[in-house]
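I set out to record, entry by entry, what I looked up in one structure. The sequence and the coordinates are shown first, and my notes follow.

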Amino acid sequence: MRRAYRVLARVVVLGMLAGATACVAKDPGHPRGFPEAAVVDDPATASPSARPKPTLTDARARSALLRQDDLGEAWAGTQGAATWRDGLLKGRTDRPECQELLDAVYAEDVLGKPRGGTAVTGFDDYEYGAQLRYQVGEYDRADVDARLGRLRRIVDKCGEFTITGIQGQEYGAEVVPVELPGDLGDARQGLRLIVSGAVEGEDSALTLDLATVRVGDTAALLTHGGLYGIDDTATREAAQAGTQRLQDLLKKEQQEKKGKKKPKPPPPSAA
């Protein structure tokens, strides 16, 4: 049975968060993502001859997105971005590595700039009041691996830290690694961020899981968070379902390429 009374309470709290963030004058303007993580040339600036040709189109990427059937009956298409994203994730911390992590999580900029097609989808969980966002695209594999390695090191360094919100309120934050199956894609990294503090005078805690998976030259980023806890199994199951769809897509593309190859003509017979 779904907990409808909890959903109503969440709507009230999220509405108050929206009101609190609406009066902010402007973004403090801190950087996003892991700009120094890349160890390869940016495909956008490489010479045309050296630049790899993208193989994944936006339409192909959309076919690899998660679907509602992958998540269960409590999930439905999203009604819009959760207001806790600005209320609890946009802020400052005096530890540079934790600031870098916070910026990347807020902007969902962990994989870097895609070199091919991309697609994104979102879902709302009406049981826990959580939200899940899933994006997939084609990237440079060495760049993605470097970013995942840096993300892993930052998670190990941060542990616990304090976030000062855009209106001066303070929140306690804790980040821990989340183990993903070792056979999930070619490379992977997961984390859980918990942000605790008072929201309109009431104690609250945001739990946010982030999972990244690379499959060949494609990669996916999944975020799953909510103010009233999340289903611990949903992150893993969604990551597994998304990875399987991505692997199926790449396998199908390989089969199509093989089918398009023309057979070599037989050698000329000797006179």
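**Entry 1: The disulfide**

I searched for disulfides and found that the structure holds one. I note at the outset that the model is a predicted one. The two partners are Cys98 and Cys158, whose sulfur atoms lie 2.4 Å apart. I then asked which parts of the chain the pair links. The link joins distant parts: Cys98 belongs to helix α5 and Cys158 to helix α6 (residues 141-158), with the two positions 60 residues apart in the numbering. I looked up the torsion about the S-S bond and read about -140°, so I recorded this disulfide as left-handed. Are the two cysteines buried or exposed? Both Cys98 and Cys158 are buried.

**Entry 2: Helix α5**

Since Cys98 sits in helix α5, I turned to that helix. Helix α5 covers residues 96-107, which makes 12 residues. From its first C-alpha to its last it reaches 16 Å, close to the 16 Å expected at 1.5 Å a residue. I next checked how much of α5 is covered, and nine of its 12 residues proved to be buried. Among them are nonpolar residues such as Leu101, Leu102 and Val105, but also Gln99, Glu100 and Asp103. Just after the helix, I noted that Glu108 takes a positive phi of about 50°.

**Entry 3: The nonpolar cores**

In soluble globular proteins, nonpolar side chains tend to be buried together. I therefore looked for such groups here. The largest nonpolar core has 35 residues, and Leu89 and Leu193 touch the most other members. At least two residues of this core come from each of α4 (84-89), α5, α6, β5 (160-165), β6 (170-177), β7 (187-199), β8 (202-215) and β9 (218-226). Another core, of 27 residues, lies apart from it and includes Ala64, Val215, Leu222 and Leu246.

I then listed the contacts of Leu193, leaving out residues up to four places away in sequence. Leu193 touches Leu89, and it also touches Leu102 and Val105, two of the buried residues of α5. Further contacts of Leu193 include Phe161, Ala173, Val175, Leu206 and Leu208.

**Entry 4: The sheet**

How many strands form the open sheet, and in what order? I counted nine, in the order β1-β3-β4-β9-β8-β7-β6-β5-β2, with antiparallel pairing. The edges are held by β1 (75-77) and β2 (91-92); each has a single partner strand, so one side of each is left without a neighbour in the sheet. I also examined the antiparallel pair β7 and β8, which 13 bridges join. Leu193 appears again at this point: its bridge partner in β8 is Leu208.

**Entry 5: Two buried residues**

Glu138 lies in strand β4 (residues 130-138). I read its relative accessibility as 2%; because buried means under 20%, Glu138 counts as buried. I looked for what its side chain reaches, and found the backbone nitrogen of Thr55 at 3.0 Å.

Leu65 is found in the loop between α2 (58-63) and α3 (68-71). With 9% relative accessibility, Leu65 also counts as buried. Its C-alpha is separated by 9.8 Å from that of Thr118, although the two residues are 53 residues apart along the chain. Leaving out residues up to four places away in sequence, I recorded that Leu65 touches Ala119, Val120, Thr121, Tyr134, Val136 and Arg245.

Technical notes. Residues are numbered from 1 along each chain as its sequence is written. This is a predicted model: local features need pLDDT of at least 70, side-chain atom pairs count only at pLDDT 80 or more; totals for chains, interfaces and linings use all residues. Side-chain values use heavy atoms; hydrogens and water are left out. Helices (H or I, at least four residues) and strands (E, at least two) are DSSP runs, numbered from the N terminus. The expected span of a helix is 1.5 Å times one less than its number of residues. Buried means under 20% relative accessible area, exposed over 50%, partly exposed in between (1.4 Å probe, protein chains only). A disulfide is a pair of cysteine sulfur atoms within 2.5 Å. A nonpolar core is a set of buried Ala, Val, Leu, Ile, Met, Phe, Trp, Tyr and Cys residues joined through side-chain atoms within 4.5 Å. Contact means heavy atoms within 4.5 Å. A polar contact is a pair of N or O atoms within 3.5 Å; within protein, one must be able to donate a hydrogen and the other to accept it, and residues adjacent in sequence count only if both atoms are side-chain atoms. Two strands pair if DSSP finds at least two bridges between them.
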